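Please read the sequence alongside the coordinates before going through the notes that follow. They go from a single ion pair to the helix that holds it, then to the core and the overall fold.

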Amino acid sequence: MIRRTTVPSLFSPPVYAHASVVEAGTKLAFLAGSVPLDADGRLVGEGDPVRQAEQVLANLGEQLRAVGSDFEHVAYTDVYVVSDRPKVLSAVWDVVEASGLSIGPHSSTLLGVACLGYTGQLVEITATAVVP
């Protein structure tokens with residue numbers, strides 16, 4: 001369903017693919033950014049990007065299940081982290097990798113940004129997934 005490609009002539013990425021190809025006729029889900037809020041709208045992990053990443057991934061899992069998909073079928077993500085420090089971005093990516101989301105591996109972009117939509121929010125992940 002998803003053909004993941006790592007290009008031999010490019011630098012080998014550690015845990016993601018350079019491209020994910022989905023053939024026409026497949027149902028796709030384009031998910032809104034998953035944020036570190038609990039079911040009551042309270043921020044989880046204030047000041048802690050690792051804890052927020054865990055909550056974001058838990059919420060992303062819920063979004064995927066609601067549309068009939070799961071982490072295995074994610075083709076692409078954007079991972080946004082409020083930080084200009086590679087160490088912080090790497091810590092968040094470690095959570096993404098440990099979640100099983102990077103199995104495949106999916107294609108992804110990890111970005112350090114100035115701010116996100118909710119006060120205190122440090123992490124957000126958008127995703128595109130195949131719905132099997």
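**From one salt bridge to the fold**

Arg 65 and Glu 62 form a salt bridge, with their closest N and O atoms 2.8 Å apart. The model is a predicted one, and side-chain atom pairs such as this count only at pLDDT 80 or more. Why are Arg 65 and Glu 62 separated by about one helical turn? Both belong to helix α1 and they are three residues apart in it, so about one turn lies between them. An α-helix has 3.6 residues a turn, so residues three or four places apart point the same way. Side chains of opposite charge can pair when their charged atoms come close. Arg 65 counts as exposed because its relative accessible area is 52%, over the 50% cut-off. Glu 62, at 48%, is partly exposed.

The structure holds four salt bridges. Two others share Arg 42. One joins Arg 42 to Asp 38, with 3.1 Å between the closest N and O atoms, and another joins the side chains of Arg 42 and Asp 40 at 3.2 Å, N to O. Asp 38, Asp 40 and Arg 42 are thereby linked in a network of salt bridges. The two acids of the network fall in separate accessibility classes: Asp 38 is partly exposed, with a relative accessible area of 23%, whereas Asp 40 is exposed at 58%.

Now return to the helix. α1 has 18 residues, and from its first C-alpha to its last it reaches 25 Å, close to the 26 Å expected at 1.5 Å a residue. Its N-terminal end is capped by Asp 48, which has a side-chain oxygen 3.1 Å from the backbone nitrogen of Val 50. After the helix comes Gly 68, with a positive phi near 85°.

Which residues of α1 are buried? They are Pro 49, Gln 52, Ala 53, Gln 55, Val 56, Leu 57, Asn 59, Leu 60, Gly 61 and Leu 64. The cover over these residues includes β3, β4, α2 and β6.

Asn 59 is a polar member of that list and can be looked at separately. Asn 59 lies in helix α1 and counts as buried because its relative accessibility is 18%, under the 20% cut-off. A polar atom of its side chain lies 2.6 Å from the backbone oxygen of Val 35. Apart from neighbours within four places in sequence, Asn 59 is in contact with Ser 34, Val 35, Pro 36 and Leu 37.

The nonpolar side of the picture is the largest core, which has 25 residues; Leu 57, Leu 60, Leu 64, Val 79, Val 96, Leu 101 and Ile 125 touch the most other members. At least two core residues come from each of β3 (28-34), α1 (49-66), β4 (74-82), α2 (86-98) and β6 (123-130). The largest contribution is from α2, with six residues.

Leu 101 shows how parts of the chain meet in this region. Leaving aside neighbours within four places in sequence, Leu 101 is in contact with Leu 57, Leu 60, Phe 71, Val 74, Thr 77, Val 96 and His 106.

A buried polar residue is also found in a strand. Ser 107 lies in β5, residues 107-113, and counts as buried because its relative accessibility is 5%. The side chains of Ser 107 and Ser 20 are joined by a polar contact of 3.0 Å. With neighbours within four places in sequence left aside, the contacts of Ser 107 are Ala 17, His 18, Ala 19, Ser 20, Ala 75, Tyr 76 and Thr 77.

These elements can now be placed in the whole. The protein has two helices and six strands, and from the N terminus on the elements run β-β-β-α-β-α-β-β. Of the contacts with a separation of 6 or more, 71% are between residues 24 or more positions apart. Of the 132 residues, 42% count as buried.

How do the overall dimensions look, and what radius of gyration does the protein have? The C-alpha trace spans about 40 × 35 × 20 Å along its principal axes. The radius of gyration is 15 Å, which agrees with the value near 14 Å for a compact globule of 132 residues.

Note on methods:
Residues are numbered from 1 along each chain as its sequence is written. This is a predicted model: local features need pLDDT of at least 70, side-chain atom pairs count only at pLDDT 80 or more; totals for chains, interfaces and linings use all residues. Side-chain values use heavy atoms; hydrogens and water are left out. A nonpolar core is a set of buried Ala, Val, Leu, Ile, Met, Phe, Trp, Tyr and Cys residues joined through side-chain atoms within 4.5 Å. Buried means under 20% relative accessible area, exposed over 50%, partly exposed in between (1.4 Å probe, protein chains only). Helices (H or I, at least four residues) and strands (E, at least two) are DSSP runs, numbered from the N terminus. Contact means heavy atoms within 4.5 Å. The expected span of a helix is 1.5 Å times one less than its number of residues. A polar contact is a pair of N or O atoms within 3.5 Å; within protein, one must be able to donate a hydrogen and the other to accept it, and residues adjacent in sequence count only if both atoms are side-chain atoms. The radius of gyration is taken over C-alpha atoms; the globule rule is 2.2 Å times the number of residues to the power 0.38.
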